[in-house]
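This report considers the internal cavities of a protein model and the packing of two of its helices. Please examine the sequence and the structure before reading on.

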Amino acid sequence: MCHPQVVRHEVAIYTTSSGTAGFYDRSHGRAGGAERQMTLLARALAERGHRVAHVIYPPRDPVALAYPLTLVHRDPYAGDRRFGSALEARATWRALRDADADVVVARTASPLVGVAAAFCKLRRRAFVFSSSNISDFTLEKMSSPRNRFLYGLGVRLADAVVVQSQDQIALARKRFPALRRVVQIPSFAEPAAAAPAEEGSRAEAFLWYGRCVAQKEPMRYVALARALPEARFLMIPVPEGRSSRELDDVQAAARDLPNLELLDPMPHDRLSTLISSAVAVVNTSVLEGMPNTFLEAWARGVPVLTLRFDPDDVVARHALGIAAQGSWDRFVAGARDLWEGRADREGWAERVRAYVEDAHSLAAVGDLWSDLIAEVRRRPARAGSRRLLPSPD
């Protein structure tokens, strides 16, 4: 629930678009991956007795929460207006001031990481940067030298940088060699009911869903549907911005593929039903962190099929689906095997649900975050630092 009074908190959680999280506002649709992870973090910490504030845009249709949490409202997004960057920095500063927390956790690949870190250093608060994607350390999606400088400043000033895999630890250390501490904490998997496993049940189609952008290579999924005309494929391509060349290409190609059906973006509960009936959730991306699509599939006992991305080889090592390791032939062959075996779901379901419960449950991941918050709170940040002027790379 939202408390109007300002109180001192142990933790404040900040993402630049946390106001879009449907967890807090019925008027918004499904939240993105970073927003879902930070909302689950707020829940996990609050349920452990931490005093937590989550910075969000004011909800139009608030959701009643079953756990104690302060929602701190920040000013509306101003980035597209004149002086938008300065207004965004001011909104971030004011929101963190209102949250008044010992520890700030930020998850955003933007120059506002620098603003949050500067706030914490000047107020002698601890700052934790939580990475959501390997591009947070390759910086290939951040072209502005000014934004790269401010973002890099914030990451370097962090008391801890949280990543999701050993691969990301190596990338973080390579990009920012002087980091104080890099901690691997798995992503949360939201609890979910298992897909039906009774005799005679059969998965209905492959499923691809997510932002229809170049880095996710959605046309590779279209090509997979073309390569397996006997199988059925569902796709929920979410447009980014007002126009999308990738979406236009997908829509044009789908007109000639009777086994590929495009669906509009839908509420989370309807999407969950589709995931539960999927042969496999498919990933064709070249840039990810730990895909939420993987976690949502595994939580429901559904395997994944991934063309390239397999963080720390978890899919291959734990037999959580099929990882093609970049081989198109393996990708197509894996899809064929999954389609032909779609009537036998029980073996997959037991294995993938056991893995996600052990490694990604709210209990397991929440304990790791709770320990980290307690640790950085015991080491208050000092105002000033010899690393206040890093190189802008």
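The lining of the largest cavity comprises eight nonpolar, five polar and one charged residues. The model is a predicted one. Its lining numbers 14 residues for this largest cavity, and those nearest the cavity centre are Arg107, Ser130, Ile185, Pro186 and Trp369. At least two lining residues of the largest cavity come from each of helix H1 (33-47), strand S6 (160-163) and helix H14 (362-378).

A search of the whole structure identifies three cavities of 30 Å³ or more. Two of them are set out below.

| Cavity | Volume | Classes of lining residues |
|---|---|---|
| Largest cavity | about 80 Å³ | eight nonpolar, five polar, one charged |
| Second largest cavity | about 50 Å³ | four nonpolar, two polar, three charged |

The second largest cavity is bordered by Arg36, Gln37, Leu40, Phe188, Ala189, Glu190, Asn292, Leu295 and Glu296. Both H1 and helix H10 (292-299) contribute at least two residues each to the lining of the second largest cavity.

Helix H10 also packs against helix H13 (residues 346-360), at an angle of about 120° and with the two axes 8 Å apart. Because of this angle, H10 is oblique to H13. On the H10 side, the contact is formed by Leu295, Trp298 and Ala299, while H13 provides Val352, Arg353, Tyr355, Val356 and His360. The contact between H10 and H13 contains six nonpolar, one polar and one charged residues. Leu295 thus appears in the lining of the second largest cavity and in the contact of H10 with H13.

Terms used
Residues are numbered from 1 along each chain as its sequence is written. This is a predicted model: local features need pLDDT of at least 70, side-chain atom pairs count only at pLDDT 80 or more; totals for chains, interfaces and linings use all residues. Side-chain values use heavy atoms; hydrogens and water are left out. On a 1 Å grid over the protein atoms alone, a cavity is a set of points where a 1.4 Å probe fits but cannot get out, and a pocket is an open set with protein on both sides within 12 Å along at least five of seven lines; lining residues have an atom within 4 Å of a point. Grid points are joined across faces, edges and corners, and a volume is the space filled by probe spheres set on the points. Helices (H or I, at least four residues) and strands (E, at least two) are DSSP runs, numbered from the N terminus. Ala, Val, Leu, Ile, Met, Phe, Trp, Tyr, Cys and Pro count as nonpolar, Asp, Glu, Lys and Arg as charged, and the others, Gly among them, as polar. Axes are lines fitted to C-alpha atoms, for helices over the stretch in contact, and angles run from 0 to 180 degrees between N-to-C directions. Angles under 35 degrees count as roughly parallel, over 145 as roughly antiparallel, 65 to 115 as roughly perpendicular and the rest as oblique. Contact means heavy atoms within 4.5 Å.
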